[in-house]
Amino acid sequence: ERFAYGGIVSDTLRRFTIRANGPQASVSGKDRLRYENKMWNIIGVKETRDGRNRFLEITAKAGN
């Protein structure tokens, strides 16, 4: 939570894990996700520790 214009604003962050092969391997901060009827803005993408080129971990923030 943070203060903005005299009120409290809460940001929702979530991490998603996807396979790192196929068309989704090129996911970047320019892309967005739709999950649980929300649009998620991607703020970070990295490989997981489960092996090189196997999985990607996406950090995203719920957007409008």
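## The chain at a glance

Of the 64 residues in this chain, 20% count as buried. What you're looking at is a predicted model. Its accessible surface comes to about 5300 Å², and carbon and sulfur atoms account for 45% of that.

How many helices and strands are there? The chain has zero helices and six strands, so its pattern along the sequence is simply β-β-β-β-β-β. As for how the chain folds back on itself, take the contacts between residues at least 6 apart in sequence: 43% of them join residues at least 24 apart.

## The four-stranded sheet

Four of the strands come together in an open sheet, in the order β3-β6-β5-β4, with antiparallel pairing. Strands β3 and β4 stand at the edges with a single partner strand each, so one side of each has no neighbour in the sheet. From one strand to the next, the twist averages 40°.

Let's walk across the sheet pair by pair. Seven bridges join β3 to β6, running antiparallel, and one place to see this is Phe-16, whose bridge partner in β6 is Ile-58. Next door, β5 and β6 also pair in the antiparallel sense, over seven bridges. Here you can find Ile-42 standing opposite Ala-60 in β6. Then come β4 and β5, antiparallel again, with four bridges between them. Arg-34 has Met-39 in β5 as its bridge partner.

A general point helps when you look at any of these strands: in a regular strand, the side chains alternate between the two faces of the sheet.

## The turn between β4 and β5

Strands β4 and β5 form a hairpin, and just two residues sit between them. Glu-36 is in that turn and has a positive phi of about 50°. Keep an eye on Glu-36, as this residue turns up again in a salt bridge with Arg-14.

## Salt bridges

Side chains of opposite charge can pair when their charged atoms come close. How many salt bridges does a search of the whole structure find? The search turns up three.

One of them pairs Arg-14 with Glu-36, with the closest N and O atoms 3.3 Å apart. This pair links distant parts of the chain: Arg-14 is in strand β3 (residues 13-19), while Glu-36 is in the loop between β4 (32-35) and β5, 22 residues apart. Arg-14 counts as partly exposed, at 31% relative accessibility.

Another salt bridge brings the side chains of Arg-15 and Glu-57 together, at 3.5 Å from N to O. Since Arg-15 lies in strand β3 and Glu-57 in strand β6, the pair ties together parts that are 42 residues apart in sequence. Arg-15 is exposed, with a relative accessibility of 60%.

Glu-57 also forms a salt bridge with Lys-46, where the closest N and O atoms are 3.8 Å apart. Glu-57 is in strand β6 and Lys-46 is in strand β5, 11 residues apart. Lys-46 counts as partly exposed at 49% relative accessibility. Through shared partners, the salt bridges join Arg-15, Lys-46 and Glu-57 into one network.

## Glu-47 and Thr-48: the end of β5 and the loop after

Glu-47 lies in strand β5, and Thr-48 is found in the loop between β5 (38-47) and β6 (55-62). Are these residues buried or exposed? Thr-48 has a relative accessible area of 16%, and buried means under 20%, so Thr-48 is buried. Glu-47 has 36% relative accessibility and counts as partly exposed.

Which residues does each one touch, leaving aside neighbours within four places in sequence? Thr-48 is in contact with Thr-17, Phe-55, Leu-56 and Glu-57. That list includes Glu-57, the residue that forms salt bridges with Arg-15 and Lys-46. Glu-47, for its part, is in contact with Arg-52, Asn-53, Phe-55 and Leu-56. Phe-55 and Leu-56 appear in both lists.

One last distance to look up in the model: Glu-47 and Ile-58 are 11 residues apart in sequence, and their C-alpha atoms are 8.9 Å apart in space. Ile-58 is the residue in β6 that partners Phe-16.

Note on methods. Residues are numbered from 1 along each chain as its sequence is written. This is a predicted model: local features need pLDDT of at least 70, side-chain atom pairs count only at pLDDT 80 or more; totals for chains, interfaces and linings use all residues. Side-chain values use heavy atoms; hydrogens and water are left out. Buried means under 20% relative accessible area, exposed over 50%, partly exposed in between (1.4 Å probe, protein chains only). Contact means heavy atoms within 4.5 Å. Accessible areas come from the Shrake-Rupley method with a 1.4 Å probe; for residues, only the protein chains shown count as cover. A salt bridge is a side-chain nitrogen of Lys or Arg within 4 Å of a carboxyl oxygen of Asp or Glu. Two strands pair if DSSP finds at least two bridges between them. Axes are lines fitted to C-alpha atoms, for helices over the stretch in contact, and angles run from 0 to 180 degrees between N-to-C directions.
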